[in-house]
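Subject: Structure for your review

Dear colleague,

Please find below the structure that I am handing over to you, together with its sequence. I should be grateful if you would read the notes that follow with the model open.

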Amino acid sequence: MKNINIYTCHHKPSAFLSSDLITPIHVGKANSFNEIGCAGDETGENISFKNPFYCELTAQYWVWKNAAPSDYVGFMHYRRHLNFSADQGKPEDNWGVVNYPEITSEYEKIFGLDSESIASCIGDYDIILPKKWSVKAAGSSNNYQHYKISNYLHIKDYQAAIDVLLKRHPEYYQAVKEFNAASDGYYTNMYVMTQALFTEYSAWLFGIFDDLENEISFDNYNAQEKRVIGHISERLFNIFVIYKSSVTPLKVKEVQRTFISQETFNGVIEPFYKTHSVPLVICFDDNYAMSGGALINSIVKNSSSDKNYDIVILENGVSQRNKGRLKELVKEHSNINVRFFDVNAFSELKGVYTRAHFSAATYARLFIPQLFKKFPRVLFIDADTVVESDVAEILDLDIGNNLVAAVKDIVMEGFVKFNAIAQSDSGVQTAAQYLKTSLLMEDPDKYFQAGIILFNVEVMNQENTFSKLMESMKEKNYWFLDQDIMNKVFYNRVHYLPLCWNVYHGNGNTDDFFPNLKFSTYMSFLDARRNPKMIHYAGENKPWNTSNVDFFDNFLKNIHNTPWEKDVYERLLSHGTKSTDPAMPLPSVLLQTKIKRKLMPHFNKFAPIGSRRRSSVSKFYYKIRRIVLG
């Protein structure tokens with residue numbers, strides 16, 4: 001078999017093809033802090049930062065300058081591919097493409113995207129091209145006019161490119177004239193060609209663009225209009241093929257193009273370090289970047305020099321500014337790395353149940369076994385925490401065949417004791433009833449808290465635990481969302497960590513709730529607070545909004561000398577007034593908490609915690625609430 005290298009261009013998390021002949025490339029990686037599951041175009045000699053203007057050409061440039069030579073070189077897109085199968089008569093839409101729902105093994109089989117079919121299709125051809133598409137389908141009479149009337153394109157830019165081309169290569173005049181007057185062409189920058197032809201084409205194309213950059217300028221262009229070089233390259237590609245065919249007959253084969261309508265993701269995160277790795281996962285959006293910064297700072301302060309800390313942030317809309325700040329926290333430490341992955345890549349999260357302050361991103365923890373399948377173990381830590389010990393201690397634990405290691409949830413113990421009412425699809429139930437019937441937990445006392453979890457990924461892969469998590473997620477709506485799902489799926493397979501690894505800050509009401517738990521639990525709670533290894537600021541009262549919470553100083557020392565230190569002081573001094581940082585608004589729940597504290601003493605007198613009256617009132621309240629809210 002000939003040596004064939006075809007590259008697919010990806011700018012965000014997406015599905016990868018499985019053939020060994022196809023290599024995904026993260027285009028524009030120089031402009032992105034995020035991982036998408038494949039290598040980028042920012043290494044070696046590159047123009048990765050030009051991706052907003054050059055589009056997929058930054059991958060072509062990287063391959064031209066850095067990739068090992070092969071017999072054939074080709075390019076496709078993350079959701080547009082060539083049909084390498086023998087069947088070239090599949091129905092096409094107005095744009096000349098064959099539509100298919102998503103990338104699956106069946107899709108690869110139908111369109112010949114396996115190694116054997118690709119090699120067979122290429123044979124001894126000089127170039128494989130997508131079937132020509134007629135611009136008349138878009139209402140244009142010829143290729144020149146099509147550029148002139150298309151949205152986001154400006155004919156002066158294309159004309160400038162033609163002028164540069166003819167100045168450098170006057171022998172291309174007839175090819176330029178022929179393409180511009182024609183009503184069809186090879187569009188979308190997809191092809192497979194011989195290495196020699198690819199090398200010649202790349203030198204020719206980027207030589208033109210080197211000169212063109214001196215001839216054009218953006219006249220207040222928007223983001224779409226700035227993709228000008230990518231659009232022009234589609235036309236220059238046709239001109240190159242026409243000219244080469246006229247001087248040296250090329251053996252050409254045309255095939256259909258496909259288009260994937262539904263975007264999915266099937267990639268994985270690769271370990272950053274090869275040895276002594278401590279893989280850590282944190283999940284937050286831009287509102288929690290400040291808290292995430294304090295956590296990372298605390299991890300750095302308690303790290304060991306003989307360990308390598310691979311921190312992956314599952315992010316949901318974290319700004320470039322805050323990503324840069326988070327990277328800065330570890331830049332002086334060669335054994336600590338921070339990278340990001342967009343949780344919106346998980347198409348399964350669309351339409352999931354959320355409530356209160358929870359967002360769909362909270363379910364991201366369920367995808368850890370799949371996304372990090374190349375890791376034997378991964379430690380997840382909530383963003384609203386700080387650590388006071390080296391988290392590598394947990395990675396070194398022997399947890400046997402258990403699926404996770406976590407800390408028992410003593411708050412849930414209280415909910416069970418006090419007959420708290422669960423909010424779920426199962427109707428009005430007490431916490432104990434809910435845990436037993438909805439989560440199938442025969443012993444409710446085994447419920448764990450998800451603030452810190454060691455995932456035994458290797459065992460999960462062997463048992464296909466990820467599919468069980470997905471099944472449970474789609475089955476019903478849960479009270480505590482993904483935390484409940486994990487307790488259901490991991491039941492009886494939990495190694496319990498000491499309480500000091502998930503110490504509640506008390507949410508400002510330490511003396512109201514915890515003393516009413518079992519005496520032994522309360523003693524363990526107090527003991528853990530003496531020397532906490534992780535402090536969890538669970539609840540609406542956060543230390544970046546109010547200093548009237550336990551362990552406030554532990555947060556403050558970890559925000560000190562970070563880019564968010566000034567923001568924290570401004571928020572604390574404002575006492576509920578509007579934040580000076582629009583990215584971090586003060587939450588309205590603080591007022592809600594004040595009202596609750598005013599009312600609760602009176603309600604507690606009327607219906608004491610754990611009493612039948614309180615249970616009856618709670619059930620009646622939630623029945624009415626379900627009728628009103630649905």
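The notes below cover the cavities, a pocket, the aromatic residues, one helix and the cysteines.

Please bear in mind throughout that this is a predicted model.

I begin with enclosed space. The structure contains 2 cavities of 30 Å³ or more. The largest cavity encloses about 60 Å³, and its lining is made up of Ser14, Ala15, Tyr78, Arg79, Ile103, Ile260, Gln262, Glu263 and Thr264. By class, that lining comprises 4 nonpolar, 3 polar and 2 charged residues. For the second largest cavity the volume is about 50 Å³. Cys9, Glu56, Leu57, Gln60, Phe75, Asn189 and Tyr191 line the second largest cavity, and by class they divide into 4 nonpolar, 2 polar and 1 charged.

Turning to open space, the second largest pocket has a volume of about 1,200 Å³. Its lining counts 37 residues, of which His77, Arg80, Arg227, His231 and Glu234 are the closest to the centre of the pocket. Two or more lining residues come from each of strand 1 (4–10), helix 1 (51–54), strand 5 (97–100), helix 9 (228–247) and strand 11 (257–260). Helix 9 gives the largest share of this lining, 4 residues. By class, the lining of the second largest pocket has 14 nonpolar, 15 polar and 8 charged residues.

Helix 2 also deserves a look. Helix 2 (residues 57–66) is largely enclosed by the rest of the structure, because 7 of its 10 residues are buried. The buried residues of helix 2 are Leu57, Thr58, Ala59, Gln60, Tyr61, Trp62 and Val63. Two of these residues, Leu57 and Gln60, appear again in the lining of the second largest cavity.

The aromatic residues come next. There are 47 aromatic pairs in the structure. Phe372 and Phe375 form an edge-to-face pair, because their ring centres are 5.5 Å apart and their planes stand at 65 degrees, where an angle over 60 is required. Both partners are buried, Phe372 with a relative accessible area of 2% and Phe375 with one of 4%. A further edge-to-face pair joins Phe513 and Phe514, at 5.3 Å from centre to centre and with 85 degrees between the planes. Phe513 is buried at 17% relative accessible area, and Phe514 is buried at 4%.

One aromatic cluster is formed by Tyr7, Phe75, Tyr172, Tyr191, Phe198, Tyr201, Trp204, Phe237, Phe240 and Tyr243. Phe75 and Tyr191 from this cluster are also among the residues that line the second largest cavity.

Two lysines are placed over aromatic rings. Lys65 has its charged end over the ring of Trp64, 4.1 Å from the ring centre. Likewise, the charged end of Lys251 sits over the ring of Tyr125, 5.2 Å from the centre of that ring.

Finally, the cysteines. How many disulfides does a search of the whole structure find? The number is 0. Cys38 illustrates the result: the closest cysteine sulfur, in Cys9, lies 9.7 Å from the sulfur of Cys38 and is therefore too far for a bond, given that a disulfide needs the two sulfur atoms within 2.5 Å. Cys38 is buried, with a relative accessibility of 14%. Cys500 is buried as well, at 16% relative accessible area.

With kind regards

Terms used. Residues are numbered from 1 along each chain as its sequence is written. This is a predicted model: local features need pLDDT of at least 70, side-chain atom pairs count only at pLDDT 80 or more; totals for chains, interfaces and linings use all residues. Side-chain values use heavy atoms; hydrogens and water are left out. Buried means under 20% relative accessible area, exposed over 50%, partly exposed in between (1.4 Å probe, protein chains only). On a 1 Å grid over the protein atoms alone, a cavity is a set of points where a 1.4 Å probe fits but cannot get out, and a pocket is an open set with protein on both sides within 12 Å along at least five of seven lines; lining residues have an atom within 4 Å of a point. Grid points are joined across faces, edges and corners, and a volume is the space filled by probe spheres set on the points. Ala, Val, Leu, Ile, Met, Phe, Trp, Tyr, Cys and Pro count as nonpolar, Asp, Glu, Lys and Arg as charged, and the others, Gly among them, as polar. Rings of Phe, Tyr and Trp (its six-membered ring) pair if their centres lie within 6.5 Å; planes under 30 degrees apart count as stacked, over 60 as edge-to-face and the rest as tilted. A charge sits over a ring if NZ of Lys or CZ of Arg is within 6 Å of the ring centre and within 35 degrees of the ring normal.
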